[in-house]
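Got your viewer ready? Let's walk through this structure one selection at a time.

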Amino acid sequence: MSQPAHKIARTILAHVGFWTALCIAGALGVYTDRIGFGRPSPFTTILLEWWVGHVPMMALSSALSLVLARHPALFTDRSTVIRTYAGMVLLFLPVEWYFLSCADVLLRGEVLTLQSGWVELTKMNKMTWFTETAWMTGTFVTMVAIGNQREARARSEAFAKAQAENLNLHLALEQQRMLALRAQLEPHFIFNALNAISALVRAGDKLDALAGIGRLSDLLRYALAATQRERATIEEELGFMRDYLALQRLRYGERLRIRIDGDDEQVRQGECPPLLLQPLIENALRHDLDCHDGPGDIRLSFERTADELLIRVMNPVSEWSSPNPGTGLGLSNTRARLALLDARASLRTGHRDGRFTAEISLPLALQD
């Protein structure tokens, strides 16, 4: 696509302005030197000689700049740079030298012809040839460097933009995954709570069943509010868990026994994902009270170390107990949610001293 005329004009004017400023500085130096040697010359005459002598450089730098604006990656290839420079030596330099010869003829007030221009070229000082070659080489190298710097910056910006887009896409996907996990968790929780109430209905405990429905209403309010935020305090989670246990106690009665340790003020003010404790407690109930007829012995403990908060839920496991495998949805969802929350957060499970232990590790960065 061709560049707009105003951009082309602005580019040319910028280069003409740069070389004009350079000519002014050079002409001032020559003017001062001539005054010092007692051979003063009008400054305008000296400036005109400098300016006309640098017209080829103005044209060259403007042309290279316009080409690079249209083809920014042109000079990133070494062979292209070498071929272009060789072409300039063979084509541009002879034209420039002849132009300077013709300019000298005109500046002396003589009639310019092809012959007079050629004669002036043959008399050109070798130092002038070398100087003009150096000017051309310096201009070309500068424009190549500018072109490569622009291309490198464009690549860097494109890479940064791609990285940002990938990050945003990754975050969006992770958020969608988190929402999907949460949507999975809430029906699962509601299903199990309704099971507890239906057990009371089947047993004919209408009053307890009505109380359970009231408890379930409170639990659903919290669960609904939790869907609107990413974090909850440990204190809020403990309150929700106690309401949940009150509902389950309608089903299990005095068999439901749970001990809580380490929930001091500092721990309660810590933060965690909402609905974090309930799946662990539900898992403990299923693998403890649902597997035998005696009383349960579930333990919930909190421990704050130097860099993490550990939450453990433990329930006894007996080799004589009937297994209750369940679906494993609560633990797998919890593990997935923690992985999305922070790479350092984790859920570890295992058997220790006749107990099944589910241990959550939350980095303190989430708590402070």
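What follows is a tour with a few stops, starting from the whole chain.

**The whole chain**

Before you click on anything, keep in mind that this is a predicted model. Show the chain as a cartoon and you can go looking for eleven helices and seven strands. Of its 368 residues, 36% are buried. Switch on a surface and you have about 20800 Å² exposed, with carbon and sulfur atoms supplying 61% of that area.

Now colour by confidence. The chain averages a pLDDT of 81, and 87% of the residues score at least 70. Where is confidence lowest, and where is it highest? Select helix 6, residues 126-202, for the lowest mean, 73, and then strand 4 for the highest, at 93.

One more thing about the chain as a whole: take the contacts between residues at least 6 apart in sequence, and 72% of them join residues at least 24 apart.

**Stop one: helix 4**

Select residues 78-107 to light up helix 4, and pick out Val89 inside it. Is Val89 buried, partly exposed or exposed? With a relative accessible area of 31%, Val89 is partly exposed. Add Leu90 and Leu91 to your selection: together with Val89, they make a nonpolar surface patch of about 310 Å².

**Stop two: the salt bridges**

Side chains of opposite charge can pair when their charged atoms come close. How many salt bridges does a search of the whole structure find? It turns up 15. Let's visit some of them.

Select Glu271 and Arg231 and show their side chains. They form a salt bridge, with the closest N and O atoms 3.5 Å apart. Glu271 sits in strand 3 (residues 271-272), while Arg231 is in the loop between helix 7 (206-226) and strand 1 (232-233), so this pair ties together parts that are 40 residues apart in sequence. Glu271 counts as partly exposed, at 30% relative accessibility, and Arg231 counts as partly exposed at 31%.

Next, select Arg242 and Asp263. In this salt bridge the closest N and O atoms are 3.8 Å apart. The two partners come from distant parts of the chain, 21 residues apart: Arg242 belongs to helix 8 (residues 234-252), and Asp263 to the loop between strand 2 (258-261) and helix 9 (265-268). Arg242 has 42% relative accessibility, so it counts as partly exposed.

Then move to Asp261 and Arg259, another salt bridge, whose closest N and O atoms are 3.2 Å apart. Here too you can check how covered each partner is: Asp261 counts as partly exposed at 32% relative accessibility, and Arg259 counts as partly exposed at 44%.

For a bigger selection, choose Arg108, Glu110, Glu120 and Lys123. Salt bridges that share partners join these four residues into one network.

**Stop three: helix 10 and the loop after it**

Select residues 277-287, which is helix 10. Why can helix 10 be called largely enclosed by the rest of the structure? Ten of its eleven residues are buried, so the rest of the structure largely encloses it. The buried residues include Leu277, Pro279, Ile281, Asn283 and Leu285, and charged ones are listed there too, among them Glu282 and Arg286.

Now follow the chain onwards to Asp293, in the loop between helix 10 and strand 4 (298-304). Asp293 is exposed, with a relative accessible area of 73%. Add Tyr252 and draw a distance: Asp293 and Tyr252 are 41 residues apart in sequence, and their C-alpha atoms are 9.9 Å apart in space.

**Stop four: strands 4, 5 and 7**

Select strand 4 and strand 5 together. They form a hairpin with three residues between them, and they pair in the antiparallel sense over six bridges. To see where they face each other, click on Ser301, which stands opposite Arg312 in strand 5.

Keep strand 5 and add strand 7, residues 355-363: nine bridges join these two, and they run antiparallel. Here Leu310 stands opposite Ser361 in strand 7.

Finish by looking at strand 5 (residues 308-316) itself. Seven of its nine residues are buried, so strand 5 is largely enclosed by the rest of the structure.

Key:
Residues are numbered from 1 along each chain as its sequence is written. This is a predicted model: local features need pLDDT of at least 70, side-chain atom pairs count only at pLDDT 80 or more; totals for chains, interfaces and linings use all residues. Side-chain values use heavy atoms; hydrogens and water are left out. Buried means under 20% relative accessible area, exposed over 50%, partly exposed in between (1.4 Å probe, protein chains only). Helices (H or I, at least four residues) and strands (E, at least two) are DSSP runs, numbered from the N terminus. Patches are made of residues with over 30% relative accessible area and no salt bridge: like charges are joined within 9 Å, nonpolar side chains (Val, Leu, Ile, Met, Phe, Trp, Tyr) within 5 Å. Accessible areas come from the Shrake-Rupley method with a 1.4 Å probe; for residues, only the protein chains shown count as cover. Two strands pair if DSSP finds at least two bridges between them. pLDDT is the predictor's confidence in each residue, from 0 to 100. Contact means heavy atoms within 4.5 Å.
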